[in-house]
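Student: I am new to this model. Please show me how to read its features, one at a time.

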Amino acid sequence: MFTEKPALFIEKQALSMVKAMYLTQELGEIVQQYGRFQLREVLVCKGERVLRSALLQLSLVLASGEELVIAYLTSRGGRPDDVIERVQSWLVGQQRQIEEAKLWLTEMDDRETIERFTMLLEQWEPCYTEVSRALEELS
């Protein structure tokens, strides 16, 4: 038999579930480096408690010194072949995104949208080039 719970009870239950699941992510030490590509340990924090996850963050240190996040790998996926495969996959996706944005630019009439897409391309294309070059350096 179905019984309806009061809304206040459900609200309190939902709030306690949200509190119980509140987690943050932090980056730990660099566990592996391939050229300018880094694999960092991903840590999960719940309050003051810090736990290791089964994830590694793959990033590239750009010429500017900033890190560009490429992908997340399982801790077993930190081998050179895995890194190269993920970087190649990122490059394919980024190239597709750049080509689509260029196509959309030719089809748009709205000045504001054209400016936004132009700004995005000015960010995406140099990143694509730098990641591509860093991958070539690994070979």
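Tutor: We begin with surface patches. A patch is built from residues with over 30% relative accessible area and no salt bridge, and nonpolar side chains are joined within 5 Å. Keep in mind that this model is predicted.

Student: Which residues form a nonpolar patch on the surface here?

Tutor: Leu 55, Val 69 and Tyr 72 do. Together they have about 230 Å² of accessible area.

Student: Where is Tyr 72 found, and how do I classify its exposure?

Tutor: Tyr 72 is in strand β4, residues 67–74. For exposure, buried means under 20% relative accessible area and exposed means over 50%, with partly exposed in between. Tyr 72 has a relative accessible area of 35%, so it is partly exposed.

Student: What is the order of the strands in the sheet?

Tutor: The order is β1-β2-β3-β4, in an open sheet of four strands with antiparallel pairing. β1 (24–34) and β4 each have a single partner strand, so one side of each is left without a neighbour in the sheet. Neighbouring strands are turned by 35 degrees against each other on average, direction ignored.

Student: How many bridges join β2 to β3?

Tutor: Nine, and the two strands run antiparallel. β2 covers residues 37–46. Follow two pairs: Val 44 has Leu 51 of β3 as its bridge partner, and Lys 46 stands opposite Arg 49 in β3. The hairpin of β2 and β3 has two residues between the strands, and Gly 47 takes a positive phi near 70 degrees there.

Student: How many bridges do β3 and β4 pair over?

Tutor: Seven, again in the antiparallel sense. Leu 56 has Leu 73 in β4 as its bridge partner. Five residues lie between the strands in this hairpin, where Gly 65 has a positive phi near 95 degrees.

Student: Which helix lies across the strands?

Tutor: Helix α2, residues 80–107, lies across β1, β2, β3 and β4. The helix runs at about 125 degrees to β4.

Student: Now one residue in detail. Is Val 61 buried or partly exposed?

Tutor: Val 61 has 23% relative accessibility, so this residue counts as partly exposed. Val 61 is found in strand β3, residues 49–61.

Student: What does Val 61 touch?

Tutor: Leaving out residues up to four places away in sequence, Val 61 touches Arg 36, Gln 38, Glu 66, Glu 67 and Glu 130. Compare sequence with space too: Val 61 and Gly 35 are 26 residues apart in sequence and 9.4 Å apart in space, C-alpha to C-alpha.

Notes: Residues numbered from 1 in each chain as written. Predicted model: local features only at pLDDT ≥ 70, side-chain atom pairs only at ≥ 80, totals over all residues. Heavy atoms only, no water. Patch = residues over 30% accessible without salt bridge, like charges linked within 9 Å, V, L, I, M, F, W, Y side chains within 5 Å. Areas by Shrake-Rupley, 256 points an atom, 1.4 Å probe, with all protein chains shown as cover. Salt bridge = Lys/Arg side-chain N within 4 Å of Asp/Glu carboxyl O. Buried < 20%, exposed > 50% of the residue type's maximum accessible area, 1.4 Å probe, protein only. Contact = heavy atoms within 4.5 Å. Pairing = 2+ DSSP bridges. Axes fitted to C-alpha atoms, helices over the stretch in contact; angles between N-to-C directions.
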